[in-house]
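I opened this entry to log what I looked up, starting with the ligand site and ending with the backbone.

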Amino acid sequence: MRVRFITSNKGKFEEMKHIGEKYGIDVEWASMEYLEPQGSSLEFVARKSIEMIDAKPPFFIEDSGLFIEALNGFPGVYSSYVFKTIGNEGILRLMEGIENRKARFVCVIAYTDGVETQIFTGEVEGEIAREARGDAGFGYDPIFEVSGRTFAEMGNEKNAVSHRRRAAEKFFSWLAKSF
Ligand code: ITT
Ligand code: NA
């Protein structure tokens, strides 16, 4: 079956498409930039986004964030803005001299059929690297490490362990059962 993914981020779409194939789901890309509402949690932002997007259901969106323990969860819900402004170099600078490198990536998928919104969450624990490494992926991938390798060094293997994979497997198996 098919399902439409509304996102401005090609990297997110490509990963979802790849993950969907494992579950027999054909993910279609609707490239649309929408004004992201501010909120205190990714789930709140995802639910609000669903309400604000002017598109014909069914469709889904996805909101992700990087939460760094030593920075009290920063950039978290501000991950998109922080990436565009200070980027990976800025995060590495903030982390200079900090021994606790623990971080987690969280993905919240929100799906609407026009009547109800369903939420699916996935997360992965990792660490902020000492320096950017790897060419694959997008966004914070060069500085987010799992078991010593950054997501940008893993290539497609990222899709086996990522926050997106963990949220998507819940979503896609629910979707396959509901139709
Ligand atoms: P849409 O809202 O249009 O879907 P976006 O790029 O704004 O696209 P998010 O708000 O979900 O997406 O992402 C927050 C930031 O985190 C953004 O800068 C992404 O590039 C980055 N990001 C999201 N998922 C990531 C991943 O798997 N690896 C590395 N960075 C990621
Ligand atoms: Na966004």
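**Ligand 1 and its shell**

I checked the location first: ligand 1 sits in the largest pocket. I note that the model is a predicted one.

Which residues come nearest to ligand 1? I listed 20 residues around the ligand, and the nearest are Thr7, Ser8, Lys12, Asp141 and Lys158.

Next I sorted that shell by class. I found five nonpolar, eight polar and seven charged residues around ligand 1.

I then asked which elements each supply at least two residues of the shell. Strand E3 (59-68) does, and so do helix H3 (79-85) and helix H7 (163-178).

**Polar pairs with the ligand**

I looked at side-chain N and O atoms against ligand atoms. I logged three pairs.

- Asp141: a side-chain N or O atom is 2.6 Å from a nitrogen atom of ligand 1.
- Ser8: a side-chain N or O atom is 2.7 Å from an oxygen atom of ligand 1.
- Glu36: a side-chain N or O atom is 3.3 Å from an oxygen atom of ligand 1.

How much of ligand 1 does the protein cover? On its own the ligand has 610 Å² of accessible area, and the protein covers 93% of that.

Ser8 and Asp141 also belong to the nearest residues I listed above.

**The largest pocket**

I pulled the volume next. The largest pocket comes to about 770 Å³. It is lined by 31 residues, and those closest to its centre are Asn9, Lys12, Glu36, Ser80 and Lys84.

Lys12 thus turns up twice in my notes: among the nearest to ligand 1 and among the closest to the pocket centre. Glu36 is also one of those central residues, and its side chain makes the 3.3 Å pair with a ligand oxygen.

Where does the lining come from? I found that strand E1 (2-7), E3, H3 and H7 each supply at least two residues. H3 has the largest share, with five residues. I had already met E3, H3 and H7 in the shell around the ligand.

By class, I get 12 nonpolar, 10 polar and nine charged residues in this lining.

**The second largest pocket**

I moved on to the next pocket. Its volume is about 170 Å³. I count 13 lining residues in the record of this pocket, with Glu15, Gly137, Gly155, Asn156 and Asn159 closest to the centre.

Which helix gives the most to this lining? H1 does, with four residues. Helix H1 (10-22) and helix H6 (158-161) each supply at least two.

I sorted this lining too: three residues are nonpolar, six polar and four charged.

**Backbone checks**

I finished with the backbone. Most residues other than glycine have a negative phi, and most peptide bonds are trans, so I wrote down the exceptions.

The peptide bond from Pro57 to Pro58 is cis, with omega near 0°. I placed Pro58 in the loop between helix H2 (42-52) and E3.

The bond from Phe74 to Pro75 is cis as well, again with omega near 0°. Pro75 is in the loop between E3 and H3.

Where is Asn72? I found it in the loop between E3 and H3. Its phi is near 55°, a positive value in a residue other than glycine.

Terms used. Residues are numbered from 1 along each chain as its sequence is written. Chains are lettered from A and ligands numbered from 1 in the order in which they are written. This is a predicted model: local features need pLDDT of at least 70, side-chain atom pairs count only at pLDDT 80 or more; totals for chains, interfaces and linings use all residues. Side-chain values use heavy atoms; hydrogens and water are left out. A residue is near a molecule or strand if one of its heavy atoms lies within 4 Å of it. A polar contact is a pair of N or O atoms within 3.5 Å; within protein, one must be able to donate a hydrogen and the other to accept it, and residues adjacent in sequence count only if both atoms are side-chain atoms. Accessible areas come from the Shrake-Rupley method with a 1.4 Å probe; for residues, only the protein chains shown count as cover. On a 1 Å grid over the protein atoms alone, a cavity is a set of points where a 1.4 Å probe fits but cannot get out, and a pocket is an open set with protein on both sides within 12 Å along at least five of seven lines; lining residues have an atom within 4 Å of a point. A molecule sits in a cavity or pocket if more than half of its atoms lie within 2 Å of its grid points. Ala, Val, Leu, Ile, Met, Phe, Trp, Tyr, Cys and Pro count as nonpolar, Asp, Glu, Lys and Arg as charged, and the others, Gly among them, as polar. Grid points are joined across faces, edges and corners, and a volume is the space filled by probe spheres set on the points.
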